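Here is a short report for a reader meeting this structure for the first time. Keep the sequence and the 3D view open while reading.

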Amino acid sequence: MNMEYDSSGLTGLDRFTRANLINSLSGYKPVSLIATCDSRGNTNLAIFSNIVHLGADPALVGFINRPREAAPHTLANIEATGLYTINHIHGDLVQQAHQTSAKYPEGVSEFEACGFTPEYTTGVSVPYVRESRVRYRLRLVEVIPILHNNTFLVIGTIEHLEFPAAIVDADGFLHLDQAGSQVSLGIDGYAAVGPVSRFPYARP
Ligand SMILES: Cc1cc2nc3c(=O)[nH]c(=O)nc-3n(C[C@H](O)[C@H](O)[C@H](O)COP(=O)(O)O)c2cc1C
């Protein structure tokens, strides 16, 4: 037996059921922690899963930020400093990473509240997450408002990236399963990934 919904059926669902259902539908997502700081250097950390590759030359990555009133700190900090880091989450970090989604007040850093360690690069104001093994730093290039639901596509260009040497193939392919990078499903589900299959470049 299948279940089905039309748009009025979806509208009739309670908020959390609808959010879980629609968030699950687009599939497993690349969940990461985004680290930022304000202009005085106060840090902020939050979990994001709507992260998307936009192009490799220039190297561009986008993420969706919810409406400002729902998720204010990451976006405001990125607009203030122009810098942020995206840090993969590994199996043993999932529970504390999930906790960064709580609405902590502006003065509280989720690094401290959730047990992560900021790691600074000389001359760079924004930290990496020390516990993360695959991580990259971006400079803001564009914030595109999505008027239909007051969300934002935040686009950055990659300034620096790092990962364990053992997980990369000679052609640049990253075996993220070997780094233990997690994926997310719905609004609160997490999963590990198994080994991948690779295929030659497809030609007609
Ligand atoms: C698994 C998971 C994925 C999430 N993905 C996003 C996302 O892609 N975009 C977003 O704006 N919020 C997302 N959130 C919610 C934010 O983590 C949450 O709103 C956080 O408090 C934002 O913090 P900030 O105000 O410090 O930026 C996600 C939460 C969870 C648990």
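The report goes through the sheet, the helix across it, the core, the ligand shell and two buried residues.

**The sheet**

The model is predicted. Its open sheet has 7 strands, in the order 2-1-5-8-9-4-3, and the pairing is antiparallel. Strand 2 and strand 3 (51-56) stand at the edges. Each has a single partner strand, so one side of each is left without a neighbour in the sheet. Neighbouring strands are turned by 35 degrees against each other on average, direction ignored. Strands of a sheet pair through backbone hydrogen bonds, either parallel or antiparallel.

The table lists some of the pairs in this sheet.

| Strand pair | Bridges | A residue pair standing opposite |
|---|---|---|
| Strand 1 and strand 5 | 4 bridges | A35 and T85 |
| Strand 5 and strand 8 | 5 bridges | T85 and R137 |
| Strand 4 and strand 9 | 6 bridges | F63 and V154 |
| Strand 3 and strand 4 | 5 bridges | A56 and A59 |

T85 of strand 5 appears twice. It stands opposite A35 and also opposite R137 in strand 8. In a regular strand the side chains alternate between the two faces of the sheet.

Strand 3 and strand 4 form a hairpin, with 2 residues between them. Another bridge in this hairpin pairs V52 with G62 in strand 4.

How many of the 6 residues of strand 5 are buried? The count is 5, so strand 5 is largely enclosed by the rest of the structure.

**The helix across the sheet**

Helix 3 spans residues 73-81. It lies across strand 1, strand 2, strand 4, strand 5, strand 8 and strand 9. Its angle to strand 1 is about 50 degrees.

Which residues of helix 3 are buried? They are H73, T74, L75, N77 and I78. An α-helix has 3.6 residues a turn, so residues three or four places apart point the same way. The cover over the buried residues of helix 3 includes strand 1 (32-37), strand 2 (43-48) and strand 4 (59-65). It also includes strand 5 (83-88), strand 8 (135-146) and strand 9 (151-162). After helix 3 comes G82, with a positive phi near 75 degrees.

**The nonpolar core**

The largest nonpolar core has 28 residues. Those with the most contacts inside it are L33, I34, A35, L45, I47 and Y84. Several elements give two or more residues to this core. Among them are strand 1, strand 2, helix 3 and strand 5. Helix 5 (110-114), strand 7 (128-129), strand 8 and strand 9 also belong to that list.

L45 shows what such contacts look like. Beyond four places in sequence, L45 touches L33, A35, T100 and S109, as well as E110, F111, C114 and F116.

**Around the ligand**

The ligand has 22 residues around it. Which of them come nearest? They are A46, N50, R66, H73 and T74. Strand 2, strand 4 and helix 3 each give two or more residues to this shell. The largest share, 4 residues, comes from strand 2. By class, the shell has 10 nonpolar, 9 polar and 3 charged residues.

H73 and T74 thus turn up twice in this report. They are buried residues of helix 3, and they are among the residues that come nearest to the ligand.

**Two buried residues**

F63 is found in strand 4. Is F63 buried or exposed? F63 is buried, because 23 other C-beta atoms lie within 10 Å and the cut-off is 20 or more. Leaving aside neighbours within four places in sequence, F63 is in contact with F48, N50, I51 and V154. V154, in strand 9, is also the residue opposite F63. F63 and I86 are 23 residues apart in sequence and 10 Å apart in space, C-alpha to C-alpha.

Q182 lies in a loop, between helix 6 (176-179) and strand 10 (183-185). Q182 is buried too, with 23 other C-beta atoms within 10 Å. Q182 and I89 are 93 residues apart along the chain, yet their C-alpha atoms are separated by 5.8 Å. I89 is also one of the contacts of Q182 beyond four places in sequence. The others are V31, H90, G91, V94, Y190, A191 and A192.

Methods
Residues numbered from 1 in each chain as written. Predicted model: local features only at pLDDT ≥ 70, side-chain atom pairs only at ≥ 80, totals over all residues. Buried ≥ 20, exposed ≤ 12 C-beta atoms within 10 Å, placed from the backbone. Contact = placed C-beta atoms within 7 Å. Pairing = 2+ DSSP bridges. Axes fitted to C-alpha atoms, helices over the stretch in contact; angles between N-to-C directions. Near = placed C-beta within 6 Å. Nonpolar A, V, L, I, M, F, W, Y, C, P; charged D, E, K, R; others polar. Core = buried A, V, L, I, M, F, W, Y, C linked by C-beta atoms within 7 Å.
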